[in-house]
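Please open the model in your viewer and keep the selection panel at hand. The tour goes from open pockets to packed helices and enclosed cavities, with a suggestion of what to select at each stop.

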Amino acid sequence: MERSEGAVIVTMRSNPVNRMNPEFFADLHAAFDEVERDHPALPVVLTAEGKTFSAGLDFEDVFPRFARNDMAELEAWFERFRGSLLRVFALPRRTVAAINGNTFAGGLILAVACDVRVGAEGRARFAINEVPVGIPMPWTYIEMVRYALGTPATAEMTLSGQLYDVAGAQRLGVLHRVVAPEQLLAAALEEARRIGVDSATAYAASKQALQQPTMAAIAGHPELDRMAMQVVMAPDSVRAQASALAALKRRD
């Protein structure tokens, strides 16, 4: 956590590639607790270190959960995951993602939960690759991505699982700006500071109004999130997950 001339920078480093697991969610909540307590009204820049913004779900944590076929366990886990992303999405202030590198699955959803996304030039790859590894996209996340990117881009990314380069991510709206890596943080801070502290209340009210249809849609269909939890435990989904985990271990 670093305060920088009218903004606060939150740098994720729970693990080397910010895989999403219970420890990551706890760290994210702790960071935003501090933001809300100690940095009222300041815009937030969310970033990471190294070549990855976030690799998404921690397969070694979640795939055993799915295979246990315990709905109560899965519901508790999902509520923590869902609550973490919604907290960033609905934060009543300006949020900017400074995307330093690879951004996959839940990590990409976290990025587009931010109001503005600035990316670094280079070889980073972007994907919503849940479906190819046997994970259906929950309704909550589809609606969050749809709010940020629109329906055509959300459908393309969700249903294909395709990998995109920086130019492809910018075409789809994942990235609003692309800058040289050494300019990333400065550009993100520039975007964050477009709204001064005296306009923070007006910004928060406008953001809430813009997001109201999305939040209402999310709240209106809990059965679709539950359907995703049921599908993720199905035998064919578990087989796809096992194959993905084996492939990951071979790469490691």
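By class, the lining of the largest pocket is made up of 14 nonpolar, four polar and three charged residues. Bear in mind throughout that this is a predicted model.

**Stop one: the largest pocket**

Begin by selecting helix H11 (235-251) together with strand E8 (102-104), each of which gives at least two residues to the lining of the largest pocket. With four residues, H11 provides the largest share of that lining. The space in this pocket comes to about 410 Å³, and 21 residues line the pocket, the closest to its centre being Ala-55, Phe-59, Phe-104, Asn-129 and Arg-251. Showing those five as sticks is a convenient way to mark the centre of the pocket before moving on.

**Stop two: helix H2 against helix H11**

Keep H11 selected and add helix H2 (residues 59-68), whose axis lies 10 Å from that of H11, at an angle of about 155 degrees. Because an angle over 145 degrees counts as roughly antiparallel, H2 is described as roughly antiparallel to H11. The two helices cross in a left-handed sense. On the H2 side, select Phe-59, Glu-60, Phe-63, Phe-66 and Ala-67, and on the H11 side Val-238, Gln-241, Ala-244, Leu-245, Leu-248 and Lys-249, since these residues make the contact. Coloured by class, the contact of H2 with H11 shows eight nonpolar, one polar and two charged residues. Phe-59 belongs to this contact, and Phe-59 is also among the residues closest to the centre of the largest pocket.

**Stop three: the second largest pocket**

Which helix and which strand should be selected to find at least two lining residues each in the second largest pocket? They are helix H1 (22-38) and strand E2 (8-12), and the largest share of the lining, six residues, is that of H1. The volume of this pocket is about 300 Å³. Of its 16 lining residues, Met-1, Val-10, Thr-11, Met-12 and Arg-13 are the closest to the centre. The lining has nine nonpolar, three polar and four charged residues.

**Stop four: helix H3 against helix H10**

Now select helix H3 (residues 71-89) and helix H10 (residues 222-232), whose axes come within 11 Å of each other and cross at roughly 125 degrees. That angle makes H3 oblique to H10, and the crossing of the two is right-handed. From H3, the contact takes in Met-71, Leu-74, Glu-75, Phe-78 and Arg-82, while H10 brings Asp-225, Arg-226, Met-229, Gln-230 and Val-232. Sorted by class, the contact of H3 with H10 comprises five nonpolar, one polar and four charged residues.

**Stop five: the cavities**

How many cavities of 30 Å³ or more are counted in the model? There are two cavities of 30 Å³ or more, and the largest holds about 130 Å³ of space. Select Trp-77, Phe-78, Ile-135, Pro-136 and Pro-138, which lie nearest the centre of the largest cavity among its 16 lining residues. Leave H3 and H10 on display, as these are the elements that give two or more residues to the lining, with H3 giving the largest share, four residues. Phe-78, one of the residues nearest the centre of this cavity, takes part in the contact between H3 and H10 as well. The lining of the largest cavity consists of 15 nonpolar residues and one charged residue, with no polar residues.

For the second largest cavity, which holds about 50 Å³, select Ala-41, Pro-43, Arg-93, Arg-94, Ile-195, Gly-196, Val-197, Ala-200 and Tyr-203, the residues that line it. By class, this lining has six nonpolar, one polar and two charged residues.

**Stop six: helix H5 against helix H6**

Finally, select helix H5 (residues 139-149) and helix H6 (residues 151-160), which pack with their axes 7 Å apart and at an angle of about 130 degrees. H5 and H6 are therefore oblique to each other, and their crossing is right-handed. To see the contact itself, show Ile-142, Val-145, Arg-146 and Leu-149 in H5, which meet Thr-151, Ala-153, Thr-154 and Met-157 in H6. The residues of this contact fall into five nonpolar, two polar and one charged.

Conventions
Residues are numbered from 1 along each chain as its sequence is written. This is a predicted model: local features need pLDDT of at least 70, side-chain atom pairs count only at pLDDT 80 or more; totals for chains, interfaces and linings use all residues. Side-chain values use heavy atoms; hydrogens and water are left out. On a 1 Å grid over the protein atoms alone, a cavity is a set of points where a 1.4 Å probe fits but cannot get out, and a pocket is an open set with protein on both sides within 12 Å along at least five of seven lines; lining residues have an atom within 4 Å of a point. Grid points are joined across faces, edges and corners, and a volume is the space filled by probe spheres set on the points. Ala, Val, Leu, Ile, Met, Phe, Trp, Tyr, Cys and Pro count as nonpolar, Asp, Glu, Lys and Arg as charged, and the others, Gly among them, as polar. Axes are lines fitted to C-alpha atoms, for helices over the stretch in contact, and angles run from 0 to 180 degrees between N-to-C directions. Angles under 35 degrees count as roughly parallel, over 145 as roughly antiparallel, 65 to 115 as roughly perpendicular and the rest as oblique. A crossing is left-handed if the near helix is turned anticlockwise from the far one by less than a right angle, and right-handed if clockwise. Contact means heavy atoms within 4.5 Å.
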